[in-house]
Amino acid sequence: MPTFIKKKNRFDRDANSVADRDRAKDKAAELVKKYLSKPVGNRPQRSVKSAVTPSTVTQATTSSSTPAAPEKPWSGLRAGAAQLEYFARANPDELVSPQPWALSLVDTLLEAADKAKLFLCLVWPARMPSLVMLHALASAERNFVTDLRGLRAILFPGTNSSRSILNGVLVNREQYSELYRQLWDATSLSSKVCSYTKSDSFLAMLAALNDIRIRHPQLPNPSFSEIIPTFIFDNEEKAWKTVVEAPLERSMRKVTNLSHRRDLRKKVSAEWNSLREAPGSLMVVRPGSRKENWNRALGDKALRGQGKPELFLLDATTTPDVVRQKAISRIPEFLKYAQEHGYEKTGGVIVTDDPRTYFVLRARLSEAGLTAESRVWAAEAEQPLLSSNALPADWSPEQKSNTRFSVSIVDRDASSAALVFYRLAQKLGNEDSPGNRELMAACFYILRLSNMPAGYTDLTEVTAEAGAVDFSSQRNTWTTVELDIAAAMASGAFGAERADVDSAVIRARKLIDDWTDGTPMAARMLAEVRKYAVTSTVGLSIILPGQRYIQLAHRYLSRKLGAAWPAAETHVDFQVQGALRNSLGTRNANHHYVFVGINPDVLRILLAHPAIPHGTAVLIAYKQAETALKTLTGMKGIAAFKPYRGRIGLLMQELEARLAEVPNPLRIERLGEMSLTFNLDETAGIDPTTEQHYYKYELEGGGFAYASGWVYRYEADEDPFFKRAAASQIAPGDYVFEMSDALHGKVEDALQINSNGVASSALPQRTFLKLYHHDVQRRCAALFVATRRTTLARAIRTKMVAIDSDANNCRLGRIYYWIQLKDGETAPHAPRDAKFFKLFCTALEISEQDTLTYWNFIKDARRLNHYLGRVLAAQYAEILFQPESAATYRKIPLETIHHLQQEALNCVFRVEQVIPPQTTTAVKGAKHGCS
C-alpha cells in the first residue's frame, strides 16, 4: 500500500477518535447539567443563597491544587450570611436558630481565625454548654463561601464526649446539596469545580448528600456530628486518634442498596481519618494533659503547613469537674506554650460563663504577656446557643428589680486553720514536692467540712451504715488525711517544718471534734429552719450544692429537731442549686429561701432571676465571701451588666458589712480556686430487688457510674440516640448516660415531684409513693371512663380477667387500695398478691420494668437511700427516653420532654473501664464521681 494512503487512513482514524471524544464530552456535559438540575420528587427546590462568588473564587479541577486568590472570601464574613437552617434532633420538625449572643460568638471565632487575634469572652448569666457547637456553626459559614476545608480548630480542655452536643442538631441536607450543585461549572467540558480551597473528602460528602437527596429523599437530615471530623490526642499513646471513623454514617446506614452504600462510603472517607486533610476538623486536647503532651500534640507533623489549625478554642465554661477546672486555670499557660512553639499567628477564643473565671483569666493572660481583646454579652435563655424560640437580634435584658439579701459568714476559724496548712505546703515547694500534696489535702478538707450543712458524725455514719469499705468511701474522713500526713512525716518529707505540722494537725483535730455534732454552716441552717418551719410555718426552701448534701442536711435536721422534725418537715423542701430556676416564683409571697454556699449557679439566680424574693438568706464561707465580693466589684464596672447593677450593689453592701464584722481579716485569696464541696460518691452495693451486684464504670475524667440491670447507652448514629442496654453489655469505649443533679431536678420539676415539701434526694421512699400515685391515677384517667373509685376498680378487674381468668380471685378491695395507696401505707396485704398486682399493672399498660419497681417498693419500703436514689434516677431516665408514655400518662408536654432530651446530651460519658460485680472493692486513686 502506498505510503500516502497509509498516512491518510491513520489521519482519518485519529480524526474519528477526536470526534468521538468530543461527542463523549458533549454527552457527559449534558448529563451533568441534567443531573444537577434534577428536582427531588415533586417538591419544589428550596431557595438557597448562592455560595459561589465569582470575583473571589478561582476555578480548579478536582485533580489539581486551587491557585491562591488575592483575597479570602471569608474575610469579614458574618454569622448568618449563608442563611442556614438547623433542626432539633429530638424533634426533627422543630426549626432552631442561634441566639443573638451565639451569633456574636461565631463572628468572634471567624474574626479570630481570619486575623489571628486572641479574644476573651464572657457570656452571663446564661450557663453555656460545650463550645463545640460554636466551631461547627463557624465552619459551616466558611463552607458556604467555598472554603471546603472549613475552619480547623484545637479545643482545650475537652474529652471524647465534648462533641456529643453536635448530635442534637440536624443540618438542612437540601442546602448542602444546593452548595454542591453550585460548585460545579456545568458549562465547562472539563467538569471544573469552583471553590477557594480544595477538599476531596468534603466534596465527596456533598456529593453523597446530593445523591441521598435525589435517591432517598425520605431519609432524615444529617446531624452536625456527621459532617464535623473530630480527633483527640491520646496522652498514653502520644498520638492523635479519630473519634469518628467515617462521616454520614447515620445516613449511610439507611441507604438500602448495599453496593450504592459501599460506593458512597468509599468516596466520602477519602480524607476523613487524615489529621492533615480532614475538612473542618476539631482537634481535642484533654484537660489532664501536661506540657510533654502539649509538645507531642502541637508538634505533630500533620499540623504543619496546610494542616495547621487556624484557631484555638478554649473552653472555660462552668464545670463541677475538678480536673477540668484545673485545666481552665492553665489556659494562659497553654496559649503561651503554643505561641512559643510555632502558633504565634494562630487565633484564639476563650469563652467562659463565670465572671470570676473571666477576671482571673484576664489577669493571668496579662501576666503571661498575652494581649487579648475582651468581649462581654448579657444572655438569658434556657437554651443558650440554638433555640426554637431564639430572641431577636436587638434583644437586651430587662432592668432587674432591687432585692435585699441576708448574708451570714460562718467559718472564719476554719479559714485560719486552712491557711496554716497552705503556708507550710508552700514552704515545701511546688505540688510535686514531698509532703505538699498531704498538707494541701488537709487544707481543703477543713474548708470543705466547715462548709457542710451537717455534723462530722453524719458524714461518717452514712458511710458506716452503707457498709462502705472501699477507697472512695474512706477518702472523706479526717483519719485518712491525718494518716497520710503521718506517713509523709515518717518519710522525712517535712524536715524543719515537722513541729509546725504537728501543731497544725492538733489544731485541725480540735476543730473537727468541735464539729462532730454540727458544723458552723449546719448550726446557721438549723436556726433558719427553727425560725421558718418550727416557730413559724410560712415555708422554707433550702438550696444545696447537690443531692448527697441534701441527704446529709435532712439527716442532721431530723437528728437535731427530734420530735419537732416530722411537723416541720412538711414546711421544708430541699433543692439542688443548678435546678432551682424553674420553681422560683411558684411559692406564696412569704416563702423563705436559704442558699447554703455560693457558686456560679447561685450567683446567676441571685442577680438575674426575676422572682428572687426580698430577704433571701445566703450562708457563705469566709473564702467564698472574699471571692464573691471581688467578682461583684468587677461586674459592676461592665457596661453589658447595667440591668443587674442594682442587685450587684445590694449584695456587695451586705458582703462588705458582714466581712467588716469578722475580727482579724485573713489574706484568704492565697488559697486560690478550689471546690468547697466533698465528693460524696456512693459505693457499689447489692441491689436488694434483683440480688445482683452493681457494675462499676470508670468514666473519662475520673468519675464513676453504677448500674445493676439496665443502663442507657448513647449511640450517636441511631435514632433514638439513647437506648436501653443490659449493664453487663457495656464495654470500654461505650458512651453511657449518667444523669446530673441539674437534670435530675428539672425532671422532678416537670413531674411536680418537689411540691408540698417532697424532696426526692432526701426522701426517695416518699417520692416513689408520689410517682406511683401520679402514674396510676393518670393512666386510669386515660384508659377508663369511670371516675368513682369503686366503679373504676370493677372496670380494671374486668380488664384483668380478660388477660387472665385467675383475676376473678382478686378482691376489689385490693384493686381499690392499689388505685389510691395512702400516705404511709406500704404493705401489699399479702405476698401472694404479686401475681394480681402484675395483672393490675398490665391492665393499666404499665411496663414490666416499672411493675417490678413499684411492687418491690410496695412490699418493702425499708431500703437504703442510696439504692433508692439510683433506682429513682433510672425511673427518670425511663421517663426521659420513653416520651410517648411520659406525655400520655404523666402529662408532661412533649416540648418539655424534647428540651430535656437535648439537655441529656450534656450527661454523656465515655466508659474507660468496666469493673464487674466480683471486683467492686478497692479502686486506689479513684477521683471525683459523677453519680
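What follows walks through the predicted model of this protein, from its overall make-up down to a few individual residues.

Start with the broad picture. The protein has 931 residues, and 56% of them count as buried. Its secondary structure comes to 32 helices and 26 strands. Taking contacts between residues at least 6 apart in sequence, 77% join residues at least 24 apart. As for the surface, about 39000 Å² is exposed, with carbon and sulfur atoms supplying 50% of that area.

On the inside, the largest nonpolar core takes in 75 residues. The members touching the most other members are Tyr86, Met133, Tyr176, Phe224 and Val349. Tyr176 gives a feel for how this works: leaving aside neighbours within four places in sequence, its contacts are Ala140, Phe144, Val171, Phe202, Leu206, Leu209, Phe224 and Ile227. One of those partners, Phe224, is also on the list of members with the most contacts in the core. Apart from this core lies another, made up of 68 residues and including Ile328, Ile331, Tyr622 and Leu659. As a rule, nonpolar side chains in soluble globular proteins tend to be buried together.

Helix H2 is worth a closer look. The helix covers residues 100-115, 16 residues in all, and reaches 22 Å from its first C-alpha to its last, close to the 22 Å expected at 1.5 Å a residue. H2 is largely enclosed by the rest of the structure, because 12 of its 16 residues are buried. Among the buried ones are Trp101, Leu105, Val106, Leu109 and Leu110, but Asp107, Thr108 and Asp114 are on the list too. The packing partners of these buried residues are mostly strands by name: E3 (91-98), E4 (118-125), E12 (311-315), E13 (347-352) and E14 (373-379), along with helix H3 (132-143). Just past the end of H2, Ala116 takes a positive phi of about 55°.

Two further residues show how polar side chains are handled. Thr403 sits in the loop between strand E15 (386-387) and strand E16 (405-409). Despite the loop setting, Thr403 is buried, with a relative accessible area of 1%. Its side chain makes a polar contact with the side chain of Arg647, at 3.5 Å. Beyond its neighbours within four places in sequence, Thr403 is in contact with Ile612, Pro613, His614 and Leu650 as well as Arg647.

Tyr456, in turn, belongs to helix H14 (residues 456-465). With a relative accessible area of 14%, Tyr456 counts as buried because the cut-off is under 20%. A polar atom of the Tyr456 side chain lies 3.1 Å from the backbone nitrogen of Trp478. Thr477 is 21 residues away from Tyr456 in sequence, and the two C-alpha atoms are 8.6 Å apart in space. Setting aside neighbours within four places, the contacts of Tyr456 take in Thr477, Trp478 and Thr479, plus Tyr445, Leu449, Ile512, Trp515 and Thr516.

Finally, strand E26 (residues 908-915) pairs with strand E21 (residues 695-699) in the antiparallel sense, over 4 bridges. Within that pairing, Tyr697 stands opposite Val914. E26 also pairs with strand E25 (residues 735-737), again antiparallel, over 3 bridges. Here the bridge partner of Val736 is Phe909 in E26.

Terms used:
Residues numbered from 1 in each chain as written. Predicted model: local features only at pLDDT ≥ 70, side-chain atom pairs only at ≥ 80, totals over all residues. Heavy atoms only, no water. Core = buried A, V, L, I, M, F, W, Y, C linked by side-chain atoms within 4.5 Å. Buried < 20%, exposed > 50% of the residue type's maximum accessible area, 1.4 Å probe, protein only. Contact = heavy atoms within 4.5 Å. Helix = DSSP H or I, 4+ residues; strand = E, 2+ residues; numbered from the N terminus. Polar contact = N/O pair within 3.5 Å; in protein donor to acceptor, adjacent residues only side chain to side chain. Pairing = 2+ DSSP bridges. Areas by Shrake-Rupley, 256 points an atom, 1.4 Å probe, with all protein chains shown as cover. Expected span 1.5 Å × (residues − 1).
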